[in-house]
Amino acid sequence: MAVEWDLADDHLLEMARSIIRDHHEHLLEARIAFLYRSEASKSGGKFILGMAKKVSEEMKTLINFDFLIWISKPHFDNLEIDQQRALVDHELCHCGRNINEEWIIRKHDFEEFRAVIQRHGIWNDDLRWANEAFKGAKQPTLIELSTPGGEVATLTGDQLARMSKGQFTRLESDAIQAVKDELLEEAKALVDENGEISISKIQRELRVGYTRAAQLRDLILSARGEKV
Ligand SMILES: [Zn+2]
């Protein structure tokens, strides 16, 4: 299926604004377009979940932006809020400005093969800084997905990114099934006095992605016999 593009929703835009305010002050002046892509792109056997691009001077004659950031919508929806923030923060880190006040794309601080680290250790400055960062890093929330056998497997975003689309879809539906029973009771408690159920409230309170929150809301509504 052809890749489809969509403008980002308020959830992503709000998240990006708050990350910019907290950590990327120089970007307060930048014009950044956020887009959702219908699937991840692939490079070297891995999924790419998001990408930041600089809008060229040539393109600026047509569109009024300095940067363009796209995020893979299906992957984004299945990340926990903390992981979504990490992904958006990552893309924003690519958006830099040099000493001449020109917008630039910054490269990753470090890049290395796991096998080289295992065989040769921390052999350059980039890895030394990376090692410092790892030591001070908080433990991320990992995504829990149930396997077909009913066990609960814990996958990192990186592992998710390496899964084939078929695997991803299967695990995704299993995960939604697993999370249904686990969170349904908690979600029911979030229905307000007027009987309204807000997806964003479920996302916030139960710390789940949009897809899961929407599923939970649909479950509550269908239990009541309402059309979803
Ligand atoms: Zn990157």
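**Notebook: a loop glutamate, a helix crossing and two cores**

I counted 8 C-beta neighbours inside 10 Å around glutamate 101, so I put this residue down as exposed, the limit for that label being 12 or fewer. I note at the outset that I am working with a predicted model.

I then looked up where glutamate 101 sits, and found the residue in the loop between β7 (95-97) and β8 (103-105). Its backbone caught my attention as well, since glutamate 101 has a positive phi of about 65° although it is not a glycine.

Next I turned to the strands. I followed β1 (residues 5-7) to its partner β2 (residues 32-37), and found the two running antiparallel and joined by three bridges. Within this pairing I located aspartate 6 opposite tyrosine 36 of β2. I also traced β2 to β6 (residues 67-72), where the pairing is in the parallel sense and extends over six bridges; here leucine 35 stands opposite tryptophan 70 in β6.

Which residues have the most contacts inside the largest nonpolar core? I found that this core has 18 residues, and that Leu12, Ile32, Phe34, Ile69, Ile71 and Leu87 are the ones with the most contacts inside it. When I sorted its members by element, I saw that α1 (10-23), β2, β6 and α4 (81-93) each supply at least two residues, and that β6 gives the most, with four residues. I keep in mind that nonpolar side chains tend to be buried together in soluble globular proteins.

I took leucine 12 as a place to look further into this core, and, leaving out residues up to four places away in sequence, I found it touching Phe34, Ile71 and Val88. Apart from the largest core I recorded another one, of six residues, among them Ile202, Val208, Ala213 and Leu216.

Finally I examined how α1 and α4 pass each other. Their axes come within 10 Å and cross at roughly 60°, and I therefore entered the two helices as oblique to each other, given that the range for roughly perpendicular starts at 65 degrees. The crossing in which α1 passes α4 is right-handed. I listed the residues that make the contact: α1 contributes Leu12, Met15, Ala16, Ile19, Ile20 and His23, while α4 contributes Gln84, Arg85, Val88, Asp89 and Leu92. Leu12 thus appears in my notes both among the residues with the most contacts inside the largest core and in the contact of α1 with α4.

Terms used
Residues are numbered from 1 along each chain as its sequence is written. This is a predicted model: local features need pLDDT of at least 70, side-chain atom pairs count only at pLDDT 80 or more; totals for chains, interfaces and linings use all residues. Two strands pair if DSSP finds at least two bridges between them. A nonpolar core is a set of buried Ala, Val, Leu, Ile, Met, Phe, Trp, Tyr and Cys residues joined through C-beta atoms within 7 Å. A residue is buried if 20 or more other C-beta atoms lie within 10 Å of its own, exposed if 12 or fewer, and partly exposed in between; C-beta atoms are placed from the backbone. Two residues are in contact if their C-beta atoms, placed from the backbone, lie within 7 Å. Axes are lines fitted to C-alpha atoms, for helices over the stretch in contact, and angles run from 0 to 180 degrees between N-to-C directions. Angles under 35 degrees count as roughly parallel, over 145 as roughly antiparallel, 65 to 115 as roughly perpendicular and the rest as oblique. A crossing is left-handed if the near helix is turned anticlockwise from the far one by less than a right angle, and right-handed if clockwise.
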